[in-house]
Structure formats: C-alpha cells, structure tokens
Amino acid sequence: MSSNTLNPRKPLFWAGAAAIAAACFAAGVVVARATDEGDDAPPASSQAGPSSGADLPAEPSGASPFPGTVAVGVDGKDSGGRGGVAYGGCTGPIPAGVVSAAGIDPAKAGFVPALPANGFTAQSVGLAATGDCTKEGVAVSGALTLSTSWKHEASGIEAYITQRVSQERVASVLRVESATFWANGYQFTVGVSAFSAVPMADDTASGNSSDGSRTSGSAPAASPRPPQPDPAAAAVLRELVGQVAPAVDLKCFWTLGQGDWSSLGALRIGDPRPAIPAGFSLQDVNVTAFTPPPDGCDTSLEPSAGFSFNANWQQLDGKNFAYLGVSVYGSEEKASYPGQIGDWGANWSRDGLQFSVYGKSDSALGIDTIRAIAKALDPGFNEACFIRERKLAEGELAGLGFSPAKAPAGYKLESSNLMASEIGAACPKPDGWEPNYSLNWTFLGGATVIQASANRYGTSGSSDGAGYQSSNYLSWTSRGGTQFSVNAYSKGISPDVDKDDLVAVAKSMDPTFDLSKLDEQPDGIDLPAPMPAEKSSR
C-alpha cells in the first residue's frame, strides 16, 4: 500500500539552517463524512453498551488517529482526526463491470463488503480503486476500496470503515479513534469520532451567551475538540470491529500510546543523549510508541506507522544561542531513499522510519557533531550513498556539459560558486533521480555588477532557447534543460547596463544563445523564471 506521506519517486530532502522536512504528497481518496451538524447532544456513555475492558489507549500528543490515511471533512479540509478515513495513494480505474448503467455492484470484482449488521445507521458510501502513484500522480491500477460512514444508534457517535482488497497482512493496531487490521483478504481501518465537538454549555436558550452578550436565539456554538475522548467511543469501536470481523481478537492488537526513552529500542532506535555536546540542556521530549499484545498473541508483524519521537536541546552561553533537535517518525513506506548530511543537519530513512537531526546556532554546528548524533540515533546509520553537495572545480564543467561564464571586456571575476548535488557513482539511484548543478558567477566593471547563473535539474524541462529579456535581465532554457540567467545593475550615472555585455556573458555560457528568441518584457515587472525543469531531489 502506498503511503500518502512519502512519494516513492522522490527522495527525502532537507533544507534550511534549522529544519529538516520530508515533502511530497500524492493522495487520491474516497471521502467519508467526518462531522455531524445535528442539534442532539450525544447520549451518556452508558447507552453505548458494556465496554468489557474496552478502554481506549491514551491519546498520544500530536499523533494522527489514522496513520497512512487522509482524514477529510465535509468541507474538503483535513478533519484533524475527527474520523474521515481514506487509504493513501492515487486513484485508478475501477474494475470493469462494477459500475454500469445497471448500478454499482462490487461483487462483480469478487469484493464482499464487510458491514455492521445492527446498531449502526449508514450515512455515506464511497467506492474507488487506489494504488501506488506514478510520477505523473495517477495509479495505473488499484485495489478496490470501499469507504462507508455510520452513526451508532445508541450513542450518536460517528463511525467509519475503509475496506481495501489486499493479500498483504498488516499488524493489528488499536489507536485512540481507530483500529487497523487484516482479515479475509482485506485491509481494514475502522474508526470512531471519539473527540467530536459538542454544543457549549451556556445559557443560549435564554438569549444570553456565556460571555453575557445577546444571541437573539441563535443555536449553541460548537465547542473545541475536547481534551479527553468520549467514554462511549471505546465500546463503539470494539463493537464495530466485532461486527465487521468477528474472528478478529481485539486482545491481540498492539496499542498506540505515550512512550518514553525506553520505547526506542523496540524499533532499533538509539538513545542520542550521549552524543549531545556539553552545554546543551534538554527542553522537550515526546514519544508515541506501541505496546505489544500479551503472550500467546502473534507478534510477528510489528507496526511502525504512527510511531513518533522528537526531542530538542538548547544552549545559552552569553549572547550565543544554539539549538539541536532529533526526530524519528514511522511511515508505511518501507523503501529507503538517499539521505543528506551537512553542517546544519541530516535526514535519512530506514525500515519505514524517517530520521532527522537538525541544529541552529550563530555558526554551523559542524558535520562532525551532526554525524555523531546521527550515529547514536540510528545504529545502522550509513552515509556512503547519501546525496551530497560538493564544490566543483571550473575544470570539471566541460565534462558535465557546461561552459563557464566569462567576464565581458572591462569586467573582472569577483566571485563564483559552483555546486553539485550528487550520489556516489557506485550507489543505487532512486527512480527518476538525476544529479543537480547550481553554478553562479559575479563580475564587476566599475560601478556595474553582472551576475550569471546556470542551473540544471536532470535533463527534463528542455526548450529551444526561449525565455525573457528586459533592459538588465536575460533568462532562457536550453535544449539540454539548463536554466540560464544574466542579471545586471549599475550604481553609475545610468542604471542601465550595455545589453551587448549581457549577451556576451550569455553566449559564453551557452554558445547557442539567441537573443531573438527571448520575449521582451517591460522594465519594473518581475519576469517569470525560465521554464522549470522538474526537481528530482530538492
């Protein structure tokens, strides 16, 4: 199953001086109703039936109740854990015969819906075929997925079922508002709205709000998400699982809740504290971890999606401020992607875990400090095939298909910055990944400055040299996909720079440069960048 938190065709990346992030989302989803705007308050918890030990696990701080899913409300926005359920991935064609003029019949594809038999009223139904996303953001084929929403008749609590065809067994996990498990050839996510907003307790009936203002008989406002789950929700969740999959034993589910430093070892995560430099004090730590089921249960499948650990330290030394942070998050994506490491941080993945080390100070913390913490955090840390930035020598440019920018008559080279982002030649490359190059030069001619750049992100995004021009600016993209620009400004009597000087620099970088192919734009208008090439890794 594809994770909606990590696009398998984009390697992880880190950027900035103080933060590391993984980014790339692809989600085609079946939407389930996630809120109820009815006026009736939910009945007391006793109406939900006996719980028989059905306590929900404590809610982990900041944890999503539906890992690996997208929670969507009726307004199309993230429901923030209110119950919307959908498998991550992209949508593909529904199997032939399932949807026709005669109606909708999942049985045409051998799909047997698992639905509650009694005590629940259906609210909505959605059918889709979801699968791994291609780089174009579509699924060539997908597994039939049925999403339904329900209301528990006794308590009024909303409930959700997502059932997806899959022969891949998954660990059975009980969370605050949901349970995930495999049964009879399907993966299930069953959820309830344990934290549904309820009308605020005020005297709106008399025309006065809780702050004393008149309401003119308006309906009570909804309160924020309550701090504790509805006590009836645990029993409703277990009742729903029991009806959907009677053979599933809830006592053999892993549970997700608050953890501590000792929780790290279960996923082969190391304790980073011994590697934190002297002078840093711990500011905050949060661990959300899984508790295994009792002896006698099958624990051969261990969950990772939903695990989270983050901690941060600060150093206050006179006027100097420094910050260090580490994080590990579990996802459903098991493949590993090239990480990155530098003076400011590192990030990488391993066995469905995404690791980050990051820092900020008046000066870079240094790659040795970052590396030491990374090795302590991940005993299997290996940077041999990480994406690395390195400075290029001008003599390397020709072999990479570049021509260095040359100073026009009357100018001299002030500075240059030639960088490559590469993976070692002997290392495996992610699908679609290509090396990136960023080349920059600055030339001075009296009171005039000319800046030139050449950037290449793989070989995509090529054009025939089209672009834009204004008095002091040229930009274009070559057939090879390199994006070029020449920008100038002058502090002299006239702010305009001789266009011939700009053209000379342009032709030194790209001998095929043709000024006539550049569209003229008025000065003072921000020119669009050259046609962007797809960034494969940044």
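Visitor: Welcome me in with one residue: which strand holds L418?

Guide: Residues here are numbered from 1 along each chain as its sequence is written, and strands are DSSP runs of E, at least two residues, numbered from the N terminus. This is a predicted model, where local features need pLDDT of at least 70, side-chain atom pairs count only at pLDDT 80 or more, and totals for chains, interfaces and linings use all residues. Counting that way, L418 is found in residues 412-422, which form strand β18.

Visitor: Is L418 buried or exposed?

Guide: Buried means under 20% relative accessible area and exposed over 50%, with partly exposed in between (1.4 Å probe, protein chains only). L418 has 7% relative accessibility, so L418 counts as buried.

Visitor: How far apart are the C-alpha atoms of L418 and E394?

Guide: L418 touches E394, where contact means heavy atoms within 4.5 Å. Along the chain the two are 24 residues apart, yet the separation of their C-alpha atoms is 7.7 Å.

Visitor: Which residues of α1 are buried?

Guide: Helix α1 covers residues 233-244 and reaches 16 Å from its first C-alpha to its last. Its buried residues pack against strands including β4 (120-131) and β5 (143-152). Those buried residues are A233, A234, A235, V236, L237, L240, V241 and V244.

Visitor: How many residues has the largest nonpolar core?

Guide: A nonpolar core is a set of buried Ala, Val, Leu, Ile, Met, Phe, Trp, Tyr and Cys residues joined through side-chain atoms within 4.5 Å. F309 is among those with the most contacts inside the largest one, and F309 touches W261 and L377, among others. That largest core has 34 residues.

Note on methods:
Heavy atoms only, no water. Helix = DSSP H or I, 4+ residues; strand = E, 2+ residues; numbered from the N terminus. Expected span 1.5 Å × (residues − 1). Lists of a residue's contacts leave out its neighbours within four places in sequence.
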